[in-house]
Amino acid sequence: MLAEPARFVPPTSLLDHVRPAALALPESGIVEVMNYGRERPGMIPLWAGEGDLPTPSFIAEAATRSLAAGETFYTWQRGIPELRSAIARYMAGLYGVPEDPERYFVTGSGMQAIQIAMALTLSAGDEVLIPSPVWPNAAAAADVIGAHPVYVPLSFDDVHGFSLELDRLEAAVTPRTRVIFINSPANPTGFVASHEVLRGVLDIARRHGLWIIADEIYGRFYYEAGLAPSFHDVMVPDDRILFVQTFSKNWAMTGWRMGWIEADPSLGAVLENLIQYSTSGVAAFMQRAGVAALERGESFVTHQIERARRGRDIVADAILPTNRVHLVKPPGAFYLFFGVEGETDMRALALRLVDEANIGLAPGTAFGPGGEKYIRMCFARGEAQLTEAADRLARWLRK
């Protein structure tokens, strides 16, 4: 007789069989507040890291022309030659680096650039040092591959704002450390590493044989003079630095999901494989839009930066006189990250501000260790909207 087939007994929960690293990824504290307040009439949403301007029409039209021409097939894994050349010209113009398209690899967003950089440099059990508070996705990218983010607390004082202490960074290095992740100008703090600090980070990396992943996507949003200090200014060709970049912020292209990695050409085959085995490249019509952004978008970028500078001053100048905020005007990025006197639960505060002031801010608890005492406001918005938001917040603070 044939044996009776074994019965399938369904598991009590499919979640019991999910990889622990995937289960452990934190839910977004920003999304919680967004979901709580997004349907409120008259809500001013300053919780997300994007501006309120749509992508300029000349960029969108380049994508439309590409679609009309039938560019809907598989394309270059590293990026179409025209876009890689445009990126090379753009970066050479900004930083005076050699104009070499072989250094640039187009990715499906700045986030994917970070994921690929992590996959290139980290194995399960390895450690990456990340100054914190920080945008949470970088640490999550390490978690997903089984590596461990090690947070290095930024310092804060009411005169200088946020700063990175190099002794503290080096003290966090262990035999398992492989990477230092540096975001400057930084989300959410607005911290900008000086050339002295960047040299210090680079010295630590050299002494310990570490990689640096340099997230300089806000490098144009610098409110002192010119560009923010960059590792481009202090490195030599043999340094182990991977730069991650995005089209999202400069050219109002957050929804396009397109970025790039800058790396030594010797890493080209490995990076090409990592792109191939994740997304198999970025759609050609999107890349045509990227070429248009780089070649024709400089006046728009300049407008964005000046608009953000005014936005920073509008909000900061409105709430500082309340004497209830711990805030130094940030030198870079486009966020105010501030504490509120008498408030300790920033998740609860963000939800209350939705109810009581009809403004949407992001709780500092969403940005890792050190963020618990702060709340974040995006000021990449128009003057009228920010003036109203600042008035609402200032009135609430004076209650």
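The following legends describe close-up views of a predicted model.

**View 1. The seven-stranded sheet and its edges.** Seven strands form an open sheet with mixed pairing, in the order S2-S10-S9-S8-S7-S3-S4. S2 and strand S4 (148-153) occupy the edges with a single partner strand each, so one side of each has no neighbour in the sheet. On average, neighbouring strands of this sheet are turned by 25 degrees against each other, direction ignored. Strands of a sheet pair through backbone hydrogen bonds, in a parallel or an antiparallel sense. At one edge, S4 is joined to strand S3 (residues 127-132) by six bridges, and the two run parallel. Within this pairing, Leu 129 has Val 150 in S4 as its bridge partner.

**View 2. Helices packed on the seven-stranded sheet.** Helix H5 (residues 110-121) packs on the sheet and touches S2, S3, S7, strand S8 (211-215), strand S9 (241-246) and S10. The direction of H5 makes about 160 degrees with that of S9. Helix H8 (residues 195-208) lies across S7, S8 and S9. With respect to S7, H8 runs at about 165 degrees.

**View 3. Edge strand S2 and its partner S10.** S2 (residues 104-107) and strand S10 (residues 259-262) run antiparallel and are joined by four bridges. Val 106 stands opposite Trp 260 in S10. In a regular strand, side chains alternate between the two faces of the sheet. Accordingly, Tyr 104 and Val 106 point one way from S2, while Phe 105 and Thr 107 point the other way. All four of these residues are buried.

**View 4. Surroundings of Thr 177.** Thr 177 belongs to strand S7 (residues 177-183). Its relative accessibility is 3%, and Thr 177 therefore counts as buried, the cut-off being under 20%. Beyond residues up to four places away in sequence, Thr 177 touches Glu 127, Leu 129, Ala 172 and Leu 210. Pro 149 is 28 residues from Thr 177 in sequence, and their C-alpha atoms are 9.5 Å apart.

**View 5. The four-stranded sheet and helix H11.** Four strands form an open sheet with antiparallel pairing, in the order S11-S12-S15-S14. Strand S11 (325-326) and strand S14 (362-363) are the edge strands, each pairing on one side only. S11 pairs with strand S12 (residues 335-340) in the antiparallel sense over two bridges. In this pairing, His 326 stands opposite Gly 339 in S12. Helix H11 (residues 298-319) packs on the sheet, where H11 touches S11, S12 and strand S15 (375-378). The direction of H11 makes about 15 degrees with that of S12.

**View 6. The crossing of helices H12 and H13.** Two packed helices are described by the angle and the distance between their axes. For helix H12 (residues 346-357) and helix H13 (residues 383-397), the axes come within 11 Å and cross at roughly 105 degrees. H12 and H13 are therefore roughly perpendicular to each other, a class that spans 65 to 115 degrees. Leu 349, Arg 352, Leu 353, Glu 356 and Ala 357 in H12 meet Arg 392, Leu 393 and Trp 396 in H13. By class, this contact has five nonpolar and three charged residues, with no polar residues.

**View 7. The buried side of helix H2.** The buried residues of helix H2 (residues 29-37) include Gly 29, Ile 30, Val 33, Met 34 and Gly 37. These residues lie on the same side of H2 because they cover an arc of only 140 degrees around the axis. An α-helix has 3.6 residues a turn, so residues three or four places apart point the same way. Among the elements covering the buried residues of H2 are H12, S14 and S15.

Notes: Residues are numbered from 1 along each chain as its sequence is written. This is a predicted model: local features need pLDDT of at least 70, side-chain atom pairs count only at pLDDT 80 or more; totals for chains, interfaces and linings use all residues. Side-chain values use heavy atoms; hydrogens and water are left out. Two strands pair if DSSP finds at least two bridges between them. Contact means heavy atoms within 4.5 Å. Axes are lines fitted to C-alpha atoms, for helices over the stretch in contact, and angles run from 0 to 180 degrees between N-to-C directions. Angles under 35 degrees count as roughly parallel, over 145 as roughly antiparallel, 65 to 115 as roughly perpendicular and the rest as oblique. Ala, Val, Leu, Ile, Met, Phe, Trp, Tyr, Cys and Pro count as nonpolar, Asp, Glu, Lys and Arg as charged, and the others, Gly among them, as polar. Buried means under 20% relative accessible area, exposed over 50%, partly exposed in between (1.4 Å probe, protein chains only). The arc is that of the directions from the helix axis to the C-beta atoms.
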